[in-house]
Amino acid sequence: MAAVGVAGAAFTVDVGATQYEDQITSGTINTTPVVVRTKTLGDVAFDQVDLNSTMTLEFLYDENSGMYDALQTSIAAGTAVAVGVDSATGAWTGAAMFIESCDLTFPADNVATVSASFTGTVTFT
């Protein structure tokens, strides 16, 4: 099967029930399996015992009218958010992602941006 290249602009992001598309500048999805190594009498056994998933989104700051406000509201309430990332060829879904950080950067000579990190269980379809 031939590899398919997908441009970053082809991705859309849903947080809660709202779709954000034009303000996302980049994102990362990281899935890290936890593997336990056990020495046995015959050999070494490897077992995956957990799966850690994180998402990071970089987006344009939109004050209190959109994604930044939705994330700040979830942080203040201590609630998880549903996060979905869709590309042309696949989708990643985190039904209950907890916000680890939501950092605002506001350079004096440029556009303000936000970096948000999420942790939870992410599935790929």
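This is a short tour of some paired strands and aromatic rings in a predicted model.

Begin by selecting residues 24-39, which make up strand β3, together with residues 44-60, which make up strand β4; the two strands pair in the antiparallel sense over 15 bridges. Between β3 and β4 there are four residues, and the two strands form a hairpin. To see one place where they face each other, select Arg37, which stands opposite Phe46 in β4.

Keep β4 on screen and add residues 113-120, which are strand β7: the two strands run antiparallel and are joined by eight bridges. Here the residues to pick out are Glu58 and, opposite Glu58, Ser115 in β7.

Next, turn to the aromatic rings, among which the count comes to three pairs. Select Tyr61 and Tyr68, whose rings form an edge-to-face pair with 5.0 Å from centre to centre and 80 degrees between the planes. Tyr61 counts as partly exposed, at 31% relative accessibility, whereas Tyr68, with a relative accessible area of 15%, is buried.

Then move to Trp92 and Phe124, an aromatic pair that is tilted, with 4.9 Å centre to centre and 45 degrees between the planes. Trp92 lies in strand β6 (residues 91-105) and Phe124 in strand β8 (residues 123-124), so this pair ties together parts that are 32 residues apart in sequence. Phe124 has a relative accessible area of 54%, and is therefore exposed, the cut-off being over 50%.

As a last selection, add Phe11 to Trp92 and Phe124, since ring pairs link these three residues into a cluster.

Definitions and conventions. Residues numbered from 1 in each chain as written. Predicted model: local features only at pLDDT ≥ 70, side-chain atom pairs only at ≥ 80, totals over all residues. Heavy atoms only, no water. Pairing = 2+ DSSP bridges. Phe/Tyr/Trp six-rings, centres within 6.5 Å; stacked < 30°, edge-to-face > 60°. Buried < 20%, exposed > 50% of the residue type's maximum accessible area, 1.4 Å probe, protein only.
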